[in-house]
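User: I would like to go through a protein model and ask, for each label attached to it, what the label rests on.

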Amino acid sequence: MADRITANLPARDLAATAAFYGRLGFSETFRDDGWMILTRGPLMLEFFPHPELDPWSSWFSACIRVDDPDALLAEWRQAGLPSDTTSIPRLTGFFKPGQAPRMFALVDENGSLLRVIDNRDAGETPDQGAPDVR
């Protein structure tokens, strides 16, 4: 298995978080009282319990980099999440902030922001991976 880093995000309720992400195609691969792992193909999200979290003041976030964000957005839109700028949860359309790559965003029910970044617009190819920034 290749070296990697995964997001570790808060969950007010692990079961509710698993159900939310289940609507987006994620499956629970591990859970105990202090940790949960959800996967969707090569995508992996990890969660820790944070029952007192206020989703409206959450500052947690992660980036998900994919080769076909158009297909992923189309699939996630099937979950029927709001697309306005204030709902929690919500799912945006595509945007391109300044020189950053094209992306869309998901705010989950815990208030965590997931930026879904287009690898192609970031100058990555499927076999190249992220650029070396050392």
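The exchange below takes up the confidence, the sheet, a helix, the core and two prolines in turn.

User: How do you know how far the predictor trusts this model?

Analyst: The model is predicted, and its protein chain averages a pLDDT of 91, with 91% of the residues scoring at least 70. Over residues 130–134, however, the pLDDT is below 50, and this stretch has 2 contacts in the model beyond near neighbours in sequence.

User: What makes E1-E4-E3-E2 an open sheet, and which are its edge strands?

Analyst: The 4 strands are arranged in the order E1-E4-E3-E2 with mixed pairing, and the edge strands are E1 (7–11) and E2 (27–32), each of which pairs on one side only. From one strand to the next, the twist averages 25°.

User: Why are E3 and E4 said to pair?

Analyst: Pairing requires at least two bridges between the strands, and 5 bridges join E3 (residues 35–40) to E4 (residues 43–49), so the two count as paired, and they run antiparallel. Thr39, for instance, has Met44 in E4 as its bridge partner. By the same cut-off of at least two, E2 and E3 are paired as well, because 5 bridges join them, again in an antiparallel arrangement. Arg31 stands opposite Met36 in E3, and a hairpin through 2 residues joins E2 to E3.

User: What joins E5 to E8, and what distinguishes the faces of E5?

Analyst: E5 and E8 run parallel and are joined by 6 bridges, with Leu114 in E8 as the bridge partner of Ala62. Ala62 also belongs to the covered face of E5, together with Ile64 and Val66, whereas Ser61, Cys63 and Arg65 make up the uncovered face.

User: Why are the buried residues of H1 said to line one face of the helix?

Analyst: The buried residues of H1 are Leu14, Thr17, Ala18, Phe20 and Tyr21. Seen down the axis of H1, these buried residues fall within an arc of 160°, so they line one face of the helix. An α-helix has 3.6 residues a turn, so residues three or four places apart point the same way. The cover over the buried residues of H1 includes E1, E2, E3, E4, E7 and E8.

User: Which residues touch the most other members of the largest nonpolar core, and which element gives the largest share?

Analyst: This core has 29 residues, among which Tyr21, Leu24, Phe47, Trp76 and Leu106 touch the most other members. H1 provides the largest share, 4 residues. For Phe47, leaving out residues up to four places away in sequence, the residues touched include Leu14, Thr17, Tyr21, Trp35 and Met36.

User: Why is Pro101 called buried?

Analyst: Buried means under 20% relative accessible area, and Pro101 has a relative accessible area of 17%, so Pro101 is buried. Pro101 is found in the loop between E6 and E7, where, apart from neighbours within four places in sequence, it contacts Phe95, Lys96, Ile117, Asp118, Asp121 and Ala122. Pro101 and Gly123, although 22 residues apart in sequence, are 8.5 Å apart in space, C-alpha to C-alpha.

User: What makes the peptide bond from Ile88 to Pro89 cis?

Analyst: The omega of the bond from Ile88 to Pro89 is near 0°, and the bond is accordingly described as cis. Pro89 is found in the loop between H2 (69–77) and E6 (90–91).

Conventions
Residues are numbered from 1 along each chain as its sequence is written. This is a predicted model: local features need pLDDT of at least 70, side-chain atom pairs count only at pLDDT 80 or more; totals for chains, interfaces and linings use all residues. Side-chain values use heavy atoms; hydrogens and water are left out. Axes are lines fitted to C-alpha atoms, for helices over the stretch in contact, and angles run from 0 to 180 degrees between N-to-C directions. A nonpolar core is a set of buried Ala, Val, Leu, Ile, Met, Phe, Trp, Tyr and Cys residues joined through side-chain atoms within 4.5 Å. Buried means under 20% relative accessible area, exposed over 50%, partly exposed in between (1.4 Å probe, protein chains only). Contact means heavy atoms within 4.5 Å. pLDDT is the predictor's confidence in each residue, from 0 to 100. The arc is that of the directions from the helix axis to the C-beta atoms.
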